[in-house]
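Me: Please take a close look at one part of this predicted model. I would like the strand pairing and the burial described, with the cut-offs stated.

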Amino acid sequence: MSPKTSPARSGSHRSPPTPVAWTQPDEVLQQVEQRLRHPRLSARTRCHLRMQRAKANWRLGHTEQALSEMQHLRQELSPQHQEPLLAVLLIDLAGIQINLAGHFEAALDTLAQAQALADASADPTLQARVLCATAPLLGRLGQLEEAERVLRNGLRLLQAPQPTSLGLSLTLNLGRVLIGLERWAEAIGLLEATQTRLNSLKPRARGGLSLDQLQGRQRSAQRLLALAYARSGSAEKSLALCELAQEQLHASAPVEDWLGIRVVHAEALWRTGQRQRACQQLAQWAQQAQHHGLHAMVLEIQDVLALLHAKPRPSDELWPCAPVNTPLSPADVRQSLLKRDLPLALGRQELQAWFQPIMNTDGRSSQQLELLARWPHEHWGWVPPQQFVALAEQGPSIHDLGRWAVASAAEFLAQPTQDSRLVVGVNLSVMQLSRPALVDEFLGILQAHRIPPQRLVLELTESRPLSDDPLAVQQLIALRTAGFGLALDDFGAGFANFDLLDRGLFDQLKIDRSLTAAPGHLGRRRAILECIQGMAERLQLRVVAEGVEHPEQWAWLRECGIDHFQGFLFAHPMPLSDLQPWLREHGG
């Protein structure tokens, strides 16, 4: 039976149909290419067509190509003469950045530029459009109160006597924010009133909405109202509304609408006790969203899973409803949720700075600490550093993590009670060296706290060869020239490129625990360590042995000539509250 005459009901597992019109980006791409070949297009029309081409490429999964097109357009437009058009382009560019699964920081910067252009144009509609695009991103970053303020400002700017497409978008986004703030009665009242108003409108009447715009807003209102019902304790009412919405969907509805109402339906199923069926459906819809390149929808499904699994359960019921052969395994979901939550944790200052001392030869005093990041996740507990650092290195969060570490070290060193001879080491990822502004950012942080760069040691693990990376080497030279201390961390475990040692960039060498642990063959291990110590001595490098846990291990490391040590034998990593009394006893 044709889906056009018999839409799928809630129990069906039929995949969403291939949409038409704007939701068929391959056809849009063909039409745009044909129009772009017209010789008499105005510059504005050509720009709009190229924006459509970028969005079509994005919908086809060609995200990097779409982003490149947008960035080229941005460079070509003149802000002095094309302020409104450039602002619109920046809004669309931010949408693509968000849907590249994690470019939230870049999207915020883009929207800030769009806001500046909109303010310069003094066009209230354009200003409201930027605010409408900014609010969902603020919501995803956990800043729900700020998102509410932004949306209410947007509605005040419009002050339209009749509903407009933009005004309805602002109102519906406000409804979503109120749901996030758990203000159920207010959210339901707003959404019910909006739905009633939408049902009374006619296409292209005074509101000026097309049929597609009107139907799209009606579907959004239904979905959000069903979500509010589900989360406020009226799951049965939510199920009924979801089934009605699915009956009303037609084959031309965008894939986002088909999937969106089904995700809400699955959540309502969970809340009525049908957990196995709900998880099976969520796994299916996540797969469909991934297939269509709807990264924001995938993140939304992950949000739902995190919400539904927030309450602790017995260990044998950790993932009671995971379907067999589903792409959403417990490990995959946990990784995805941690990757999503890490930028939020950094923005909310949820990470904690712990410290582990590096001991002098006597094993009783210390003048250097290593700052270690610790993340107490509200659902998963303490996340292992090697896990969240690896996730950070997959995107822009590694730069935020690096700035946080340097700022935390500077704030600690700036305390008036600290010994002026104390030095703090922070980890430096190879990925951070790709940021051209790295040196200036670090220096700016230290200057704000009046800390000289000589009191900060950047500990680099060479997780990939750097000798063939001119920018990375240039950054290390600039850091060394600026006065920062540099340590080659985990020596013996990474690539340990001797070319970097030959350049004289480092002043410390930290030997990996794999070499300092209880040796399998004492003679060979001792020979290796003595060679490293001899080389370091000739290169005037301080050597630190990591992972020292036993007195016997400490003794034979000293016999090898090593005179600085770090490990549980002396001190475990500790929070600041424990560090201060420790330093009073062991500092100096």
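Reply: Two strands pair if DSSP finds at least two bridges between them; strands (E, at least two residues) and helices (H or I, at least four) are DSSP runs, numbered from the N terminus. The model is predicted, with local features needing pLDDT of at least 70 and side-chain atom pairs counting only at pLDDT 80 or more, while totals for chains, interfaces and linings use all residues. Residue numbers start from 1 along each chain as its sequence is written, and side-chain values use heavy atoms, without hydrogens or water.

The part in question is strand S1, which spans residues 352–359. Of its eight residues, six are buried (under 20% relative accessible area, 1.4 Å probe, protein chains only), so S1 is largely enclosed by the rest of the structure.

S1 pairs with two strands, S2 and S9. With S2, residues 366–377, S1 runs antiparallel and is joined by eight bridges. Within this pairing, Ile358 stands opposite Gln368 in S2. S1 and S2 also make up a hairpin, and six residues lie between the two strands. One residue of that turn, Gly363, has a positive phi of about 75°.

With S9, residues 574–575, S1 is again antiparallel, and two bridges join them. Here Phe355 stands opposite Met574 in S9.

Helix H16 covers residues 385–392, and the buried residues there include Gln387, Phe388, Leu391 and Ala392. These four cover an arc of only 135° around the axis, which puts them on the same side of H16; the arc is that of the directions from the helix axis to the C-beta atoms.

Conventions
Buried < 20%, exposed > 50% of the residue type's maximum accessible area, 1.4 Å probe, protein only.
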